[in-house]
Amino acid sequence: MGGIADRTNTRWGSYRPYLLWISVPYGLLAVLAFTTPDLSDGGKLIYAYITYALLMTAYTAINIPYSALGGVITSDTQERASVQSWRFMLAMAGGALIAATTLPMVEFFGNGDEQKGFQLAMIVLAIIAVACFVACFALTKERENPTKEAAPQSMLADFVTLIRNDQWVIIAVVTFVLLVAVAMKGAVTPYYVSYFLNSESSISLFLTAGMLAGVAGAMFANWMTRKACKVAVMKWAAIALVLVYSALALVPGDQFWLAFVLSTLSNFIHMIIIPYLFSAVADTVDYSLDRWGKGAMAMSYSGHLLALKIGIALGGALSGWILAYVGYQPNVAQTETALEGIVFMYAWVSAIAGLSL
């Protein structure tokens, strides 16, 4: 999709058109994915596979150009960081809003029928999503796209250029390592709160506070773009990440509030770093153009998102494997080894990941 978007040439630009072209198909597929047909169990499963695969294809077709758009509405590196900070700030806020309103909408529309409730709730959300995509298309402009000045080459050549770009490789590897840690922490949060802190009822508190801290972190990152070099801010944030997670790993299980504060603070720091990493992808394209005269914005973002998703997938898988290795058993008091494994995944892994920055 990155290669296709880079080769799109319309009067609206290369990336903006996809926000218009794919918005309605994406909205329709979202509704279909949450619609339950009158089929056998096997038929429903096949229907779920097909609609979900199509939905994710449409998501890719709109998300890759949308990500690349952040690199061409401005060529200023600090403004790019600000754009990505706003993006993640509002994404976190949107996620919190959806988490708070979806099930109440299902109950309201379904009136006891969850299948109908989910379908109608998704219709509402799909309409809002389409409106947001169209608004993003209408209210933005591709002001700077230096990759259009590069000599045309094949998608394979674009990929080879991407792999040669040592600065992009660094950003991709750091993102991969960081997202492995993020996925592992997210996966074991319920276990950490329930078994290590002995406070199962506080799981939602940890998750909600972490999300709000993420919003605050993105806001802080945006504010810092006007005060300091983003590379320097990332370095200090990385140091803070290592220190906070190392401290969190040493907190005893009976110190609930200390663990809560440090965990919330860690989310704040994470969301200072993430927007800067995304904005740096566009900067690596500029570097490639300056050095080799070749570069592709959407290809670079698609590769970066691939590294991110592989990190999330591996982090999720490692969580399950490590839990099994340390002898975790559900709904019972955990052994000391199991608790150490949970703390390792919740804190030490992120402290180690912070060193990669």
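This report walks through a helix pair, a closed cavity, an open pocket and one glycine in the structure above. The model is a predicted one, so it is worth keeping that in mind as you look around.

**A pair of helices**

A good place to start is helix α8, which covers residues 166-196, and helix α11, which covers residues 256-292. The two pack with their axes 9 Å apart, at an angle of about 160°. Because angles over 145 degrees count as roughly antiparallel, α8 is described as roughly antiparallel to α11. Their crossing is left-handed. Where α8 meets α11, the contact is made up of 15 nonpolar, 7 polar and 3 charged residues.

**Empty spaces**

Rolling a probe the size of a water molecule over the atoms shows where empty space is left. How many cavities of 30 Å³ or more are there? The count comes to 1. The largest cavity has a volume of about 70 Å³. Its lining includes Q153, D158, T161, L162 and N165, and also V285, S288, G295, A296, M299 and S300. Helices α7 (155-164), α11 and α12 (297-325) each supply at least two residues of this lining.

The second largest pocket also draws on α11, and here you meet α8 again, along with α10 (230-249): each of these elements gives two or more residues to the pocket lining. Of the 15 residues that line the second largest pocket, the closest to its centre are I170, I171, V231, M234 and A280.

The table puts the two spaces side by side.

| Space | Volume | Largest share of lining | Lining residues by type |
|---|---|---|---|
| Largest cavity | about 70 Å³ | α7, 3 residues | 4 nonpolar, 6 polar, 1 charged |
| Second largest pocket | about 330 Å³ | α11, 5 residues | 9 nonpolar, 3 polar, 3 charged |

**A glycine in helix α9**

To finish, find G210 in helix α9, which spans residues 203-224. Is G210 buried or exposed? Its relative accessibility is 4%, and since buried means under 20%, G210 counts as buried. One residue to find alongside G210 is F260: the two are 50 residues apart in sequence, while in space their C-alpha atoms are 9.3 Å apart.

Terms used: Residues numbered from 1 in each chain as written. Predicted model: local features only at pLDDT ≥ 70, side-chain atom pairs only at ≥ 80, totals over all residues. Heavy atoms only, no water. Axes fitted to C-alpha atoms, helices over the stretch in contact; angles between N-to-C directions. Parallel < 35°, antiparallel > 145°, perpendicular 65-115°, else oblique. Left-handed = near helix turned anticlockwise from the far one by under 90°. Nonpolar A, V, L, I, M, F, W, Y, C, P; charged D, E, K, R; others polar. 1 Å grid on protein atoms, 1.4 Å probe; cavity = no way out; pocket = protein on both sides within 12 Å on 5 of 7 lines; lining within 4 Å. Points joined across faces, edges and corners; volume = space filled by probe spheres on them. Buried < 20%, exposed > 50% of the residue type's maximum accessible area, 1.4 Å probe, protein only.
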